Amino acid sequence: MSLDGYLGSGTRRRLLMSNDADFDRVDALRAGCDAILVGAATIRTDDPRLTVRTRERAQRRVARGLPPTPAKVTLTHRADLDPRARFFATGDSEKLVYCGSAQVETARARLGTVATVVDGGGRVDVRRMGEDLAVRGVQRLMVEGGGTVHTQFLTADVVDELHLVVAPFFVGDSRARRFVGDGRFPWNPGRRATLAEVRPIGDVVLLRYALSPRFRLEED
Ligand SMILES: NC(=O)c1ccc[n+]([C@@H]2O[C@H](COP(=O)([O-])OP(=O)(O)OC[C@H]3O[C@@H](n4cnc5c(N)ncnc54)[C@H](OP(=O)(O)O)[C@@H]3O)[C@@H](O)[C@H]2O)c1
């Protein structure tokens with residue numbers, strides 16, 4: 001996020017916030033996960049690939065019997081997603097779309113050839129989605145935004161670890177999304193989160209918070 005807590009620009013233009021060294025750190029984290037999740041708006045705005053970029057890391061996954069890149073997961077109410085988006089078009093891994101029941105048939109018609117569409121119920125509940133992902137073999141899920149999604153995972157208290165990277169500039173435009181929206185967070189003035197690590201990475205800084213007993217520092 002920016003110094004003023006934003007995740008991107010206030011326009012539909014993608015804003016890269018990190019530096020090469022931090023993108024490489026994120027690549028290593030992705031390689032260690034079973035699945036990567038972003039909200040549908042992030043697919044529409046950023047068109048991310050969400051693959052493991054480094055060939056050696058992808059090869060190490062394959063040597064462990066895993067697909068070269070983790071599964072990709074998104075959630076949507078409206079099902080307004082383009083099957084040609086890089087989320088669906090790149091990587092050999094499984095793609096999962098958790099869709100609210102109202103539009104699940106639309107989602108299947110639009111995305112059924114490029115993804116598995118799961119009926120997520122009236123409003124997709126992230127805890128239930130996590131349980132369903134676990135049944136599908138996902139033990140370690142990396143959530144990469146945006147703010148709407150961060151808010152739901154954090155307020156549902158299902159996050160083990162938070163990596164917050166602060167970029168050295170301001171966005172200064174309240175049309176942009178903040179790191180989180182309003183909500184009742186389990187960490188508040190009465191219950192402070194545990195700061196596990198602070199790491200400068202070039203001109204950005206990584207703050208790591210342990211948010212559950214499952215957090216293990218040595219995993220990064
Ligand atoms: N700096 C970073 O690291 C980073 C990372 C990711 C994103 N971003 C930025 O974040 C911004 C997007 O964030 P955002 O908060 O607007 O969107 P988001 O969290 O990416 O996606 C929100 C969308 O996800 C779907 N959704 C969320 N919760 C749902 C639920 N419980 N059930 C069903 N569908 C659900 C809805 O999709 P539908 O509208 O399709 O129904 C909703 O509009 C962009 O500017 C992007 O560039 C930055």
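**Why we call it that: a chat about this model**

Student: Let's start with V97: what is its bridge partner in strand 4?

Tutor: V117 is the bridge partner of V97 in strand 4. Keep in mind that we're looking at a predicted model.

Student: What makes strand 3 and strand 4 a pair?

Tutor: Pairing takes at least two bridges. Strand 3 (residues 95-99) and strand 4 (residues 116-119) are joined by 4 bridges, so they pass the cut-off of at least two. The two strands run parallel.

Student: And what do strand 3, helix 5 and strand 4 make?

Tutor: With helix 5 (residues 104-111), the two strands make a right-handed β-α-β unit. The handedness is called right-handed because, with the strands pointing away from you, the path over the helix runs clockwise.

Student: On to R61. Why is R61 called buried?

Tutor: Buried means under 20% relative accessible area. R61 has 2% relative accessibility, so it counts as buried. R61 is part of helix 3 (residues 55-63), and its contacts beyond four places in sequence include R30, C33, V52 and P70.

Student: How do you know that the side chain of R61 makes a polar contact with P68?

Tutor: The side chain comes to 3.2 Å from the backbone oxygen of P68. The limit is 3.5 Å, so the pair qualifies.

Student: Is D173 buried or exposed, and why?

Tutor: Its relative accessible area is 18%, so D173 is buried; the cut-off is under 20%. D173 sits in the loop between strand 6 (161-166) and strand 7 (194-201). Leaving out neighbours within four places in sequence, D173 touches Y6 and G10.

Student: What makes D173 and R175 a polar contact?

Tutor: Their side chains are joined at 2.6 Å, and the cut-off is within 3.5 Å.

Student: Now the ligand. Which backbone atoms are in polar contact with its oxygen atoms?

Tutor: Among them are a backbone N or O atom of R78 at 2.8 Å, a polar backbone atom of G147 at 3.1 Å and one of A41 at 3.3 Å. Each pair is within 3.5 Å, so each one counts.

Student: How much of the ligand does the protein bury?

Tutor: Taken alone, the ligand exposes 930 Å², and the protein buries 85% of that.

Student: Which elements give two or more residues to the shell around the ligand?

Tutor: Helix 2 (40-46), strand 2 (71-76) and helix 7 (147-155) do. Helix 2 gives the most, with 5 residues. Altogether 22 residues surround the ligand, and the closest are T42, D46, T76, T148 and Q152.

Note on methods: Residues numbered from 1 in each chain as written. Predicted model: local features only at pLDDT ≥ 70, side-chain atom pairs only at ≥ 80, totals over all residues. Heavy atoms only, no water. Buried < 20%, exposed > 50% of the residue type's maximum accessible area, 1.4 Å probe, protein only. Contact = heavy atoms within 4.5 Å. Polar contact = N/O pair within 3.5 Å; in protein donor to acceptor, adjacent residues only side chain to side chain. Near = heavy atom within 4 Å. Areas by Shrake-Rupley, 256 points an atom, 1.4 Å probe, with all protein chains shown as cover.
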